[in-house]
Amino acid sequence: MGAFQKRLTLCCLVACIALLASAPAKALDNGLALTPPMGWNSWNKFQCNVSEELIKGAADAMVSSGMKDAGYEYVVIDDCWQVDRDAAGNIVVDAQRFPSGMKALGDYVHSKGLKFGIYSDAGLKTCAGRPGSAGHEYQDAIQYASWGVDYLKYDWCHTGKANAEWAYTTMRDALKASGRPILFSMCEWGSAKPWLWAKDIGNMWRTTGDISDCWDCPKKDQLGFVKILDMQDGLETYAGPGHWNDPDMLEVGNGGMTITEYRAHFSLWCLLAAPLISGNDLKNMTPDIKEILTNKEVIAVNQDALGMQGRRAKRDADAEVWVKQLKDGGRAVILFNRRASETSISFTWEQIGYPAHLSASVRDLWAKKDLGKFDGKWVATVPSHGVVMIKVMP
Ligand code: GLA
C-alpha cells in the first residue's frame, strides 16, 4: 500500500469512529409504558402549590377513590418542588413544603402500591423559574433514582437555541445510567415535531402547548379541549407500545367544562391512546367525575394491548366519527357532536374498516349496555358537545 493509500485508509477509519460516536445513541429500551401511562399530576389543579401533604393526600385518594383499581398508578409532582442547587450542584428540595424529603415521600407513594413521579426541565430554569437540569442531567438522574423516582416529566422552558433531540437524548441516557427504570415523559410541546424523532428517546411526548380547562377557549393562546383534539388528527401512525403521543393531561373535574364535555374529553383521550394523567383534586371528586375517570370499559379501550392510536374516520359539519382498532378485532367508535344542539350521527362499517356485509354486535360503553346486532351501519342521537362511545365486534 502506498503512503497516500495508507493515509486515506487512516482517514476513513477516523471518520468512521467519529460517525459512530456522534450517531444518536441506541434505543430507549426501558421496557416501560407498553400501554399508555396512567396516573395523576399536580399541575393542572394546584400549579406551584405543591407539598408533601398534597402528594400524600393524592396517593391516599387514588387508592380510596377506586382510581388505583381502575389502573392509575403514577403520582407525579410537577414544577416547584425544587428551590436551588447546593455548592456541589445537587438539586435542593423545598424543605418547608417537603420537610421529610423526597426519599420518604417516594417510600410513602410506593407503600400504597403506586409509583412516584417528578418534574424537571432541559433548560437552566423550569417554566416556573426553578433550577432546571441543563448541565446536571447525570447528577439529577442519580438523585432521582436514590429517591425511588419511577417517572420523569422533562420540560422545555429556558432552553435557548438548544437542539431538542440532543437535549432529550442526554437525559434519556442519564436516566438509563442511573440504573433505575424511569419512565421518560417529554414535555417539548410539539415544537420540533418530536413524533418524528422521539420514538427511541421518550416513552411519551407532548404534541401541543398547555391544555386549558375549557371546551374551546375564547382566547387565542389557550388550548381548549377541541383545539388540542384537532391537532392530534394525523399523528396516529407515530404512537405505539412504549412511545405515545401526549395531548397533555386531563382537565376532567377541574370545573371549566360540563359533565357532558368532560365525558367527551375523557372518551377521546382514551381513543387517542393518550397517557391518562388526571389533573384534578382526587380528594374532592363528585360522583359524576369519579364515574368518568374510572369507567373500566372506556379505559380498556385506552389500554388495549395492540397500542393503536385512534383516528378521525368521518367529519361532517361538526358531527364526527372517530375509530380505534382493538386487539380482539373489535373497533372502539366515538360519535362526537360539536354542535350547539343534539344531532343524529351515523357511520358505515366500511368507514371503520369492515366490509359492508358484516353483521356485528354493538355495546354502549357509557350506558354499559349491549345494543344487539347490526348490519352495515349504525346511527345514534348524540347530545350537544357530547359523545356516544361504542364497541363494535364482528
Ligand atoms: C409547562 C408545562 C406544563 C407544566 C408547567 C410547569 O408549561 O407544559 O405542563 O409542567 O410548565 O411550570
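Modeller: Before we start, a definition: a cavity is a set of grid points where a 1.4 Å probe fits but cannot get out. One more thing to keep in mind is that this is a predicted model.

Biologist: Thanks! So how many cavities of 30 Å³ or more does a search of the whole structure find?

Modeller: The search turns up one cavity of that size. The largest cavity has a volume of about 100 Å³.

Biologist: And which residues line the largest cavity?

Modeller: The lining is made by Asn41, Tyr151, Lys153, Ser185, Cys187, Met204, Arg206, Asp246, Asp248, Met249, Pro275 and Ile277. Two elements, β6 (151-155) and β8 (204-206), each give two or more residues to that lining.

Biologist: How do the residues of that lining divide into nonpolar, polar and charged?

Modeller: Six are nonpolar, two are polar and four are charged.

Biologist: Let's switch to the ligand. Which residues are around the ligand?

Modeller: Around the ligand you'll find Trp43, Asp78, Asp79, Tyr119, Cys127, Ala128, Lys153, Asp155, Cys187, Trp189, Arg206 and Asp210. This shell splits into six nonpolar and six charged residues, with no polar ones.

Biologist: Nice. How many Å is a polar side-chain atom of Asp79 from an oxygen atom of the ligand?

Modeller: For Asp79 the distance is 2.8 Å. Arg206 also has a polar side-chain atom 3.3 Å from a ligand oxygen. In the side chain of Asp210, an N or O atom sits 2.5 Å from an oxygen atom of the ligand.

Biologist: And what share of the ligand's accessible area does the protein cover?

Modeller: On its own, the ligand has 310 Å² of accessible area, and the protein covers 93% of that.

Biologist: New topic: how many disulfides does a search of the whole structure find?

Modeller: There are three disulfides. One of them joins Cys48 to Cys80, with an S to S distance of 1.8 Å.

Biologist: Where in the chain are Cys48 and Cys80?

Modeller: They sit in distant parts of the chain, 32 residues apart. Cys48 is in the loop between α2 (43-46) and α3 (52-64), while Cys80 is in the loop between β2 (74-76) and β3 (82-85).

Conventions: Residues are numbered from 1 along each chain as its sequence is written. This is a predicted model: local features need pLDDT of at least 70, side-chain atom pairs count only at pLDDT 80 or more; totals for chains, interfaces and linings use all residues. Side-chain values use heavy atoms; hydrogens and water are left out. A residue is near a molecule or strand if one of its heavy atoms lies within 4 Å of it. A polar contact is a pair of N or O atoms within 3.5 Å; within protein, one must be able to donate a hydrogen and the other to accept it, and residues adjacent in sequence count only if both atoms are side-chain atoms. Accessible areas come from the Shrake-Rupley method with a 1.4 Å probe; for residues, only the protein chains shown count as cover. Ala, Val, Leu, Ile, Met, Phe, Trp, Tyr, Cys and Pro count as nonpolar, Asp, Glu, Lys and Arg as charged, and the others, Gly among them, as polar. On a 1 Å grid over the protein atoms alone, a cavity is a set of points where a 1.4 Å probe fits but cannot get out, and a pocket is an open set with protein on both sides within 12 Å along at least five of seven lines; lining residues have an atom within 4 Å of a point. Grid points are joined across faces, edges and corners, and a volume is the space filled by probe spheres set on the points. Helices (H or I, at least four residues) and strands (E, at least two) are DSSP runs, numbered from the N terminus. A disulfide is a pair of cysteine sulfur atoms within 2.5 Å.
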